[in-house]
Amino acid sequence: MQDTDPRNQVSDTFSTGVPGSKSQRKSPEPTPEPPSPTVTRGWRVQLTTTASSPAPALGRPVPLPTSLCHRYPPQCWLSSAPSSTAPNFIVWETEVPSLGERKQARSETQRISKSKQRQRAAGSPTGLGAGRRAAAGKLRPLGGGVSTAPSSPCQRSPGQTPPAGPAPPRRQPPPASGPGGPRPAVLLLAPLLLLALRGVAAAPAAAGGREDSPGLQDAELPRGLLQQAARAALHFFNFRAGSPSALRVLAAVLEGRATVNPKKECQVDLVFTTDHYDPEDGEEHLGKCSARVFFRNQKPRPAINVTCTRLIEKNKRQQEDYLLYKHMKQLKTPLDVVSIPDSHGHIDPSLKPIWDLAFLGSSYVMWEKTTQFLHYYMAQISSVNQWRTNDDAIDFDYTVLLHEFSTQEIIPCRIHLVWYPGKPLKVKYYCQELPTPEEASGTEEGSAVVPTELNNF
Amino acid sequence: MKPLLGTLYLLGILVPEGLGYDGSPAQPRREVVGETVRPWRSLDTYSYTSYHPMEEIYQWMIQISEKYKGVATMHFLGMTYETRPMYYLKISQPSNNPKKIIWMDCGIHAREWIAPAFCQWFVKEILQNYEDNPRIGRFLRNLDFYVLPVLNIDGYIYTWTTDRLWRKSRSSHNNGTCFGTDLNRNFNVAWCKTGASENCHNLTFCGTGPVSEPETKAVSRFVESKKENIVCFLTMHSYGQLILTPYGYTKNKSSNHEELIQVGQKAANALKKKHGTNYRVGSSADILYTTSGSSRDWARDIGIPFSYTFELRDNGTYGFVLPASQIQATCEETMEAVLSVLDDVYEKYWDSDSAGKVTSTAVGLGLLVSFMSIL
């Protein structure tokens, strides 16, 4: 195919920043980090601060001033001259902190919200919620406030039995930074400072002896974790690329490295290959990505910086998106479908673009929900609630069934997206937690309007 | 006697319920699928490239055992929770020499439709080719195949009538407020210790006790009774494109782990040659996640040396709802993988080369001894 050397190929980079600075997030967050770009060692492509462009209202495209054309070439393509001087990079924003910095900033303030977090993470004392938060392991009732962390926070060992009552944890170290108080944090600071000096790329993290897992090197890494990070990165990439004709799936992880901090947050640097999502010709079209993924210890919304070589030339991709869009506009509404695909896996060719668009919207949801233990696949569109193309944009309201690993659960999510080719995707969603008698049902919701996110920085 | 009883049950199920769907008063949500249940008459027109509801699979088994009378027989294994009969097909060429057994089961998880499709394909391939194809023919000289096309029959039917993504069995718990046990967490090996749930609402519910479910009981009892002769235990699932070795309940490795990986990797290579599909090979705890109570781990721990879980196509694009258009390719490539495993198993126990070597060595020694005695 084409030259796959990333240095010779055009790439796109997307990233999302430190949690705490986004208003729509529900979880209790520690003090937000100042949004200054941090340069870390290694292969990171490019860091710039974000432009504060006004957020277009839902469904009303707003032409951008031409001075920003180099940042948002698709918009310019839509509203002005056909020839664009777009460079080869699209940079949204940056913010994946180096591990050392984070520790220093958060070690003390973290403690206070930690118990709150842990309680939230533990969910109800019994049953489904606890298990779900604990990422699908043994779902025995938890003692109050006890962390359900497995022996290594980065390792995929979701089956570790959390301690039940007075019984000692099975094959588990004592819960992290529990009632220990400030002492562990102080003990850890010194080696952490050392680590910060040596840089993230070189040093294994989490030196404190009390903590369970040291930094894991390549050889020790469970392959699952790298895959997990790759998936999260790809969901995020697909969402940010906003192009239903250029969706990607994971082909193979080439290399990777993970480090963990005492907060059990897990940073994974990896390189992986991708393939087209469901290529029609059955051929392999491998692209290459590198990513830094920061899992926040079972909390959703991993921070991601990902760079991928372009598989399709930009104009071609825009053309294909626009073709898809035209095709979708021609679909007869209301759509006469029950589920896509049907039980036999069949999708009518005329409805295939709907599947692709639904996958694009689901990518946002799946990115947000992915933790180091849980990941998702889109199993089926169980209903199409609304399909509107009155305005320029496609307004799509549907319910998707997500398959959750490793709980094996099927999570219904109601997603409402608005898409116009070349524009950032707008998504709102609401996922159902399956109710059980032992706990109140919880819900998870979120939304993304990308320009709004930019404004938060 | 048992087959007769089984057949009576079968008729009893088919007749009152029409085409075998649950007779619940409220019409369950059924998708208007482009296909209707075609009453086919002969095996010649049976489609191995489409998904079949349970009543068709029952009929297919009967027809297979009729068409291949000397070689394929249908046997009763046990009853499901909803009192449906479980049947397996035994493929065995009559002969005097003692045989070793290859066990294959499909559809322990209801929504993994490609697995029962593969079991049917496998049976078809063996029976259509054992006479002409020497590779397959030699297997039948020393091996018997026991194939259970659908282990979780109640669940499988439920995915046809009500919920395409159902996974567990349909046993009733908590006074009828909760249904289904994950049969692949119900076997008696490290039962419910890890990677399984004690909560009936979860999809990895391990049941009320080890082997609490009738389906698990039926398989356990049978396999246990034949364990001295079973050399290979294959359990087919989807999705993920994996060949998994023991164990899931621990990261420790089985005594023959190296060999299992080698054989598995060879199978994955053979599979890839067919259509380019990539499968990964490893122990379940290493490359998937921890589980306990799985049939594969249990089989290994009662002494069956070659015990594998196959996770068939795909990698998540369609997942459980794999398009029927991919059945053929999936089955063809998986067939190559299974045949590769069988080659290795066969060569390990009945390697004709080593037998030949033994013979010629014996002859040579005999000659030498006779020379010595002459001198």
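Tutor: Buried here means under 20% relative accessible area, exposed means over 50%, and partly exposed lies in between. The model discussed below is predicted.

Student: Arg138(B) and Asp343(B) meet in a salt bridge; what is the N to O distance?
Tutor: The two side chains meet in a salt bridge, and the pair links distant parts of the chain, with Arg138(B) in helix H4 (residues 134-142) of chain B and Asp343(B) in helix H10 (residues 327-350) of chain B, 205 residues apart. Both Arg138(B) and Asp343(B) are buried. Side chains of opposite charge can pair when their charged atoms come close. The N to O distance for Arg138(B) and Asp343(B) is 2.8 Å.

Student: Which residues are linked with Arg138(B) and Asp343(B) in a network of salt bridges?
Tutor: The structure holds 26 salt bridges over all chains. In the network that contains Arg138(B) and Asp343(B), the further members are Arg135(B), Glu336(B) and Glu347(B).

Student: Lys251(B) forms a salt bridge with Asp286(B); how many residues apart are they?
Tutor: The closest N and O atoms of Lys251(B) and Asp286(B) are 3.9 Å apart. Lys251(B) lies in the loop between strand E8 (242-245) and helix H7 (257-275) of chain B, whereas Asp286(B) lies in helix H8 (residues 284-287) of chain B. Lys251(B) has a relative accessible area of 36% and is therefore partly exposed; Asp286(B), at 27%, is partly exposed. Along the chain, the separation of Lys251(B) and Asp286(B) is 35 residues.

Student: In chain A, which residue of E3(A) is the bridge partner of Arg257(A)?
Tutor: Strands E2(A) and E3(A) run antiparallel and are joined by 11 bridges. Arg257(A) also forms a salt bridge, its closest N and O atoms being 3.9 Å from those of Asp269(A); this pair connects strand E2 (residues 248-260) with strand E3 (residues 266-276) of chain A, 12 residues apart. The bridge partner of Arg257(A) in E3(A) is Asp269(A).

Student: Is Asp269(A) buried or exposed?
Tutor: Its salt-bridge partner Arg257(A) has 32% relative accessibility and so counts as partly exposed. Asp269(A) has a relative accessible area of 6%, which is under the 20% limit. Asp269(A) is therefore buried.

Student: Which residue in the turn of the hairpin of E2(A) and E3(A) has a positive phi?
Tutor: The hairpin has 5 residues between its strands. The positive phi in its turn is about 65° and belongs to Lys264(A).

Student: In the hairpin of E8(A) and E9(A), which residue takes a positive phi?
Tutor: Strand E8 (residues 410-419) and strand E9 (residues 426-432) of chain A pair in the antiparallel sense over 6 bridges, and Leu417(A) stands opposite Val427(A). The hairpin has 6 residues between the strands. The residue with a positive phi near 90° is Gly422(A).

Student: Gln408(A) has a positive phi; what is its relative accessibility?
Tutor: Gln408(A) lies in the loop between E7 and E8 of chain A, a loop that also holds Ser406(A), which follows a cis peptide bond from Phe405(A) with omega near 5°. Phi of Gln408(A) is near 70°, a positive value in a residue other than glycine. Gln408(A) counts as buried because its relative accessibility is 4%.

Student: How many residues does the largest nonpolar core have?
Tutor: In soluble globular proteins, nonpolar side chains tend to be buried together. Residues with the most contacts inside the largest core include Trp60(B), Phe122(B) and Trp103(B). The size of this core is 93 residues.

Student: How many residues does the other core have, the one that includes Trp355(A)?
Tutor: This core lies apart from the largest one. Among its members are Leu250(A), Trp355(A), Leu374(A) and Trp419(A). Its size is 68 residues.

Student: Glu311(B) is covered by a UniProt annotation in an unreviewed entry; what is the annotation?
Tutor: Glu311(B) lies in strand E10 (residues 306-312) of chain B, and its relative accessible area of 10% means that it is buried. Leaving aside neighbours within four places in sequence, its contacts include His237(B), Tyr239(B), Gln241(B) and Tyr279(B). According to the unreviewed UniProt entry, the annotation covering Glu311(B) is "active site".

How values were computed:
Residues are numbered from 1 along each chain as its sequence is written. Chains are lettered from A and ligands numbered from 1 in the order in which they are written. This is a predicted model: local features need pLDDT of at least 70, side-chain atom pairs count only at pLDDT 80 or more; totals for chains, interfaces and linings use all residues. Side-chain values use heavy atoms; hydrogens and water are left out. Two strands pair if DSSP finds at least two bridges between them. Helices (H or I, at least four residues) and strands (E, at least two) are DSSP runs, numbered from the N terminus. A salt bridge is a side-chain nitrogen of Lys or Arg within 4 Å of a carboxyl oxygen of Asp or Glu. Buried means under 20% relative accessible area, exposed over 50%, partly exposed in between (1.4 Å probe, protein chains only). A nonpolar core is a set of buried Ala, Val, Leu, Ile, Met, Phe, Trp, Tyr and Cys residues joined through side-chain atoms within 4.5 Å. UniProt positions are given in the numbering used here, feature names are shortened, and annotations may be inferred rather than shown by experiment. Contact means heavy atoms within 4.5 Å.
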